[in-house]
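This report covers internal cavities and nonpolar cores. Please look at the entry below first.

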Amino acid sequence: MVNLKRALLFLTVILFAANPFTSIAAEETHGHGDGEKTQAEEINAHIKHHLEDDHYFTLYKKGEEYVGFPLPVILIDNGLKVFSSAKFHENDGLTEVDGQFYKYYHGKIYKTDAAGSIAYDEHHHPTNAKPLDFSITKNVTGLMLAALLLFLGFTSLAKTYKKGSNNLPKGVGRVLEPLVLYVRDEMAIPNIGHRYKEFMPYLLSVFFLIFTLNLLGLTPIGFNVTGNISVTLCLALFTFVITNFKANKDYWKHIFWMPGVPVPFKFVLAPIEVLGMFTKPFSLMLRLFANITAGHSVVMGLIAIVYLFQQQLSVGGSIGVSMLLTLILFFLELLVAFLQAFIFTMLSSLFIGMAVEEHAHH
């Protein structure tokens with residue numbers, strides 16, 4: 001408890017120390033000329049660009065140009081169309097493929113004409129038709145990389161067990177084995193019970209996938225896969241489908257005809273329980289997305305101190321303050337990377353356990 005109080009006190013001091021810098025940034029942005037305002041807008045645009053998915057793998061920005069490598073674009077529009085995303089960058093977002101014109105606009109691909117025209121509705125949203133997009137985007141690349149790393153790691157661990165059950169893992173297996181046992185002993189068995197083996201493959205997959213993606217997001221490569229709500233939605237849907245398809249009759253009886261309560265209340269509780277079926281995966285989706293997105297935004301905002309406070313703190317001072325605050329938050333994000341994987345897996349095992357729990361009948 002004492003250590004926790006000291007940690008909270010230290011964090012409070014850091015926040016109060018950073019508060020004057022935040023005020024200076026606000027003044028520079030809103031009231032001291034167009035140069036500073038443009039710089040702040042560029043930083044916000046760069047953070048937004050990092051958080052969003054992209055058809056081009058950006059490594060860093062050099063002047064006004066993003067440096068990286070193109071990714072394959074795969075479209076289904078009157079047939080299969082496969083080409084490099086470099087075509088969009090070469091022609092200012094417009095390209096022609098098999099007589100069809102496509103415009104890359106705000107991270108989306110729209111069908112258009114030879115002039116690249118985009119039509120808008122009253123809310124200034126594009127109304128052009130979009131082809132079916134199955135492209136290998138930056139997030140898909142991150143998922144593939146995470147899958148490859150996990151495949152190599154667990155293949156090494158499996159080879160160790162094939163040699164004998166008493167053999168000690170080597171290399172990365174020494175890191176993976178304690179985590180596997182942790183998921184089994186601290187999540188699956190307590191929450192699911194004797195049927196835990198049936199769901200261990202899913203729980204291990206989702207835990208290690210989220211944990212690996214979160215760690216990749218802290219590297220300079222710039223992945224933000226678990227900060228994409230489409231990815232967290234997909235993971236939450238897996239939990240939702242498994243929970244409801246594996247649920248026993250007692251689970252459904254507790255939802256639609258709650259035992260042990262008066263009949264009038266059964267009709268009141270049924271809609272609430274049905275709504276709860278959907279709010280559980282929704283909370284899984286939103287919690288992971290919000291925490292990872294907030295972490296990435298704050299880390300990049302602290303890095304931006306180097307550019308925003310050079311006049312007030314000097315170049316060396318701004319770099320020092322930025323490094324100090326970023327390092328503190330970086331180590332906190334390492335904890336969050338594990339914590340979010342733990343919470344998602346723990347709640348998934350809890351929801352599954354509630355669905356397959358066998359109730360005593362009297």
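Which residues line the largest cavity? The lining consists of Thr239, Phe240, Thr243, Asn244, Tyr251, Met277, Lys280, Pro281 and Phe351. Helix 7 (229–245) and helix 9 (263–303) each give two or more residues to this lining, and helix 7 gives the most, with 4 residues.

The model is predicted: local features need pLDDT of at least 70, side-chain atom pairs count only at pLDDT 80 or more, and totals for chains, interfaces and linings use all residues. Residues are numbered from 1 along each chain as its sequence is written, and side-chain values use heavy atoms, without hydrogens and water.

A cavity is a set of points on a 1 Å grid over the protein atoms alone where a 1.4 Å probe fits but cannot get out; lining residues have an atom within 4 Å of a point. The count is 4 cavities of 30 Å³ or more, and the largest has a volume of about 70 Å³, taken as the space filled by probe spheres set on the points.

| Class in the lining of the largest cavity | Count |
|---|---|
| Nonpolar | 5 residues |
| Polar | 3 residues |
| Charged | 1 residue |

The largest nonpolar core (buried nonpolar residues, under 20% relative accessible area, joined through side-chain atoms within 4.5 Å) has 43 residues. Helix 6 (196–216) gives the most to this core, with 14 residues. Phe208 is among the residues with the most contacts inside the core. Beyond four places in sequence, Phe208 is in contact (heavy atoms within 4.5 Å) with Leu150, Phe154, Leu176, Leu179 and Val180.

How values were computed:
1 Å grid on protein atoms, 1.4 Å probe; cavity = no way out; pocket = protein on both sides within 12 Å on 5 of 7 lines; lining within 4 Å. Nonpolar A, V, L, I, M, F, W, Y, C, P; charged D, E, K, R; others polar. Buried < 20%, exposed > 50% of the residue type's maximum accessible area, 1.4 Å probe, protein only.
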